[in-house]
Amino acid sequence: PGKVWQIGAMGMMAQREGISPIAATGSALLNTVVNITTGFAVALATGSVALDAYHPGASRAALVLTVLAFGGLLALPFAMPRVLTAARRLSGRDLPPASVPPRVIVYAIIGNLITWVMYGFAFQLLVIGVLGQAAGALPSYIAVYSASYVLGYIVLFLPAGIGARDGAMAAALPAFKLMTGPQAVLIAVSSRLWTSILELVPGFLFLAVDTWRRRSH
């Protein structure tokens with residue numbers, strides 16, 4: 001699956017730049033955990049009002065889960081040494097020590113929170129660009145985008161979450177009363193094309209610049 005390949009590729013590219021592949025792989029794994037957990041919490045927090053419309057009291061459950069998610073993230077610096085010790089015992093290997101200062105996790109949480117909010121805002125702008133208008137408030141678009149993205153990511157056997165993410169988005173948009181079913185399908189397809197282009201093009205550009213730089217030296 002692409003989620004696994006990207007971490008391995010990051011380790012290889014980091015080694016080429018003189019960075020420890022273990023440190024690069026560890027940071028990639030850690031950032032993935034923070035990113036997905038933060039996205040899950042953002043989806044719950046911003047979608048709690050809509051959830052209440054279907055199941056009264058759901059917002060309270062969403063609040064509890066949000067607090068637990070952030071609590072788990074803040075506990076990472078203290079849990080990682082214990083996890084590493086358990087991994088050493090299970091694998092029988094002498095794994096290098098790993099520790100993350102609490103402030104690093106806080107910075108990562110804040111950065112990912114800002115990112116998810118901006119993703120939702122960009123998604124709302126995409127809807128306006130495609131349909132000419134965007135019914136509903138910004139939190140609903142943040143909730144739909146972050147929830148569908150996280151769902152697509154955790155389905156490991158699907159490359160880029162194709163199908164799962166798009167189906168969840170197409171189902172959630174009408175459920176949140178943001179648009180009709182056919183419009184939601186159009187937006188899901190447009191979002192897939194939009195994110196694929198934005199993920200691929202910058203990567204290719206940076207690779208091209210890096211290749212040119214290496215050849216010139």
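Which residues of the largest nonpolar core touch the most other members? The legends below describe close-up views of a predicted model.

**View 1. The largest nonpolar core and the helices that build it.** Among the 21 residues in this core, those that touch the most other members are Phe 123, Val 144, Met 169, Leu 173 and Met 179. Two or more residues each come from α2 (21-54), α5 (102-131), α6 (138-154), α7 (164-175) and α8 (181-216), and the most come from α6, which gives seven residues.

**View 2. The surroundings of Met 169.** When residues up to four places away in sequence are not counted, Met 169 touches Phe 123, Val 144, Tyr 145 and Ser 148, and also Ile 187, Ala 188 and Ser 191. Separate from the largest core is a second core of seven residues, including Leu 30, Val 34, Leu 73 and Ile 109.

**View 3. A nonpolar patch on the surface.** Leu 74, Val 106, Tyr 107, Ile 110, Ile 114, Met 118, Phe 121, Leu 125 and Ile 128 make up this patch, and together they have about 840 Å² of accessible area. Helix α5 gives the most to the patch, with eight residues. Ile 114 lies in this helix, α5, and counts as exposed because its relative accessibility is 52%, where the cut-off for exposed is over 50%.

**View 4. Lys 177 in the loop between α7 and α8.** Most residues other than glycine have a negative phi. Lys 177, a residue other than glycine, has a positive phi, near 60°. With a relative accessible area of 67%, Lys 177 is exposed.

Definitions and conventions:
Residues are numbered from 1 along each chain as its sequence is written. This is a predicted model: local features need pLDDT of at least 70, side-chain atom pairs count only at pLDDT 80 or more; totals for chains, interfaces and linings use all residues. Side-chain values use heavy atoms; hydrogens and water are left out. A nonpolar core is a set of buried Ala, Val, Leu, Ile, Met, Phe, Trp, Tyr and Cys residues joined through side-chain atoms within 4.5 Å. Buried means under 20% relative accessible area, exposed over 50%, partly exposed in between (1.4 Å probe, protein chains only). Helices (H or I, at least four residues) and strands (E, at least two) are DSSP runs, numbered from the N terminus. Contact means heavy atoms within 4.5 Å. Patches are made of residues with over 30% relative accessible area and no salt bridge: like charges are joined within 9 Å, nonpolar side chains (Val, Leu, Ile, Met, Phe, Trp, Tyr) within 5 Å. Accessible areas come from the Shrake-Rupley method with a 1.4 Å probe; for residues, only the protein chains shown count as cover. A salt bridge is a side-chain nitrogen of Lys or Arg within 4 Å of a carboxyl oxygen of Asp or Glu.
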